[in-house]
Each structure stands twice: as C-alpha cells, then as structure tokens.
Amino acid sequence: MVRQCLCSLRNGCVMLIGVLLCTAPAWAANSQVVEAGKRLYTKNCASCHGRDGKGDGPLAGTLKTKPADLTGLAKKHGGQFPYIEVVDLIDGTSTSASHGSSEMPVWGETFQSDSPGSGTAMEQAAVRGRLMLLTDYLRAIQAQ
C-alpha cells in the first residue's frame, strides 16, 4: 500500500513538472520568477557569462572557449527562445565542451536532473524548478 502511494506521488510529481514545462511561457512573465532566476544566474553563471549574459564574465579570459553571449539565443533560433534546448544544456542532458561532460557539468548537481528512480520526487522537482527559473531568466534577457 505504501509503495503504491509513493509510486502515485512520484507519477503525480512527474506529471506536474511536465505541465509546468508546457506552461513555462505564461509562467515566465511573472517578475518574481525572473528575479529568482536572476539570483540563480548571478550565483552560478555570471562568473563566466557575465553579469548581463554577454559572455564577458571575470573568468571568461581564463577559459579555452569564450562563453556564449546568452542574450542572443532567440536571435540564433529565428526569434524563438529555445526553452527545452536551454534546459537540456544546463542540466547536462545535452553537452557543451565548456560546461563539461553530462556526468560532471561545471555546476555539479545544482541543475543536473536526477536519473529516473534516484532521489525523491521532491528533490527532482526542486532541480526542475531551479532549471526553469534559470531558463525563464535567460529568456527574459534576450536582445530585441
């Protein structure tokens, strides 16, 4: 009985995350969401990508590959912000040489999705929430 309840809870959390990802554009308009994403960005990304996301952070000069200008992602994709692609890059699902392998992305487990069955549903939801906040912030700073 307990196991059945836990499976139902986990499946419910996975469905909730899916719904949140599908409704992300509407959710992103909230200034509190964007501000929370900005705090995550400042803490985890600005040292390389720069305070304004232009690839000019204080560590940029020490890297083999210049960090991307994150304000031009939508422009590079025909005016559409590539939301899911950005999430996949941040969580290590897709890889970037400058971010490290998917087994050990530069940010560790802060934004890395847990493999199915590992961690609690709440832990997985928290990771997905951080990913969405950060991605919503990146969408908000796109050049017009």
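The following paragraphs describe the fold, the nonpolar core, the helix packing and selected residues of a predicted model.

The predicted protein contains 7 helices and 0 strands, and from the N terminus on its elements follow the order α-α-α-α-α-α-α. Of the 144 residues in the protein, 36% are buried. The accessible surface of the protein amounts to about 9000 Å², and carbon and sulfur atoms account for 60% of that surface. When contacts in the protein with a separation of 6 or more are considered, 45% of them join residues that lie 24 or more positions apart.

The largest nonpolar core comprises 23 residues, among which Y41, F81, I90 and L138 touch the most other members. At least two residues of this core are supplied by each of helix 3 (31-44), helix 5 (73-76), helix 6 (83-91) and helix 7 (121-140), and the greatest contribution, 7 residues, comes from helix 7. The surroundings of F81 can be set out in detail: once its neighbours within four places in sequence are left aside, F81 is in contact with L73, A74, V86, T135, L138, R139 and Q142.

Two helices that contribute to this core, helix 3 and helix 6, were each examined for their packing against helix 7. Two packed helices are described by the angle between their axes and the distance between the axes. For helix 6 and helix 7, the axes come within 10 Å and cross at roughly 125°, an angle that makes helix 6 oblique to helix 7. The crossing of this pair, helix 6 and helix 7, is right-handed. On the side of helix 6 the contact is formed by Y83, V86, V87, I90 and D91, while helix 7 takes part through R128, L131, M132, L134, T135, D136, L138 and R139.

The axes of helix 3 and helix 7, in turn, come within 7 Å and cross at roughly 100°; because angles of 65 to 115 degrees count as roughly perpendicular, helix 3 and helix 7 are roughly perpendicular to each other. In this pair, V33, V34, A36, G37, K38, L40 and Y41 of helix 3 meet R130, L133, L134, D136, Y137, L138 and A140 of helix 7. L134, D136 and L138 of helix 7 thus appear in the contact with helix 3 as well as in the contact with helix 6.

Individual positions in loops and helices were also considered. G55, which is found in the loop between helix 4 (46-49) and helix 5, is buried, with a relative accessible area of 1%. Not counting residues up to four places away in sequence, G55 touches C48, H49, A60, K66, P67, A68 and D69. For one of these partners, P67, which is 12 residues from G55 along the chain, the separation of the two C-alpha atoms is 4.7 Å.

N30 lies in the loop between helix 2 (24-28) and helix 3 and is partly exposed, with a relative accessible area of 33%. The C-alpha atoms of N30 and D136 are separated by 9.6 Å, although these residues are 106 residues apart along the chain. L89, which is found in helix 6, is likewise partly exposed, with a relative accessible area of 29%. Between L89 and F111, which are 22 residues apart along the chain, the separation of the C-alpha atoms is 9.9 Å.

Conventions: Residues numbered from 1 in each chain as written. Predicted model: local features only at pLDDT ≥ 70, side-chain atom pairs only at ≥ 80, totals over all residues. Heavy atoms only, no water. Helix = DSSP H or I, 4+ residues; strand = E, 2+ residues; numbered from the N terminus. Buried < 20%, exposed > 50% of the residue type's maximum accessible area, 1.4 Å probe, protein only. Contact = heavy atoms within 4.5 Å. Areas by Shrake-Rupley, 256 points an atom, 1.4 Å probe, with all protein chains shown as cover. Core = buried A, V, L, I, M, F, W, Y, C linked by side-chain atoms within 4.5 Å. Axes fitted to C-alpha atoms, helices over the stretch in contact; angles between N-to-C directions. Parallel < 35°, antiparallel > 145°, perpendicular 65-115°, else oblique. Left-handed = near helix turned anticlockwise from the far one by under 90°.
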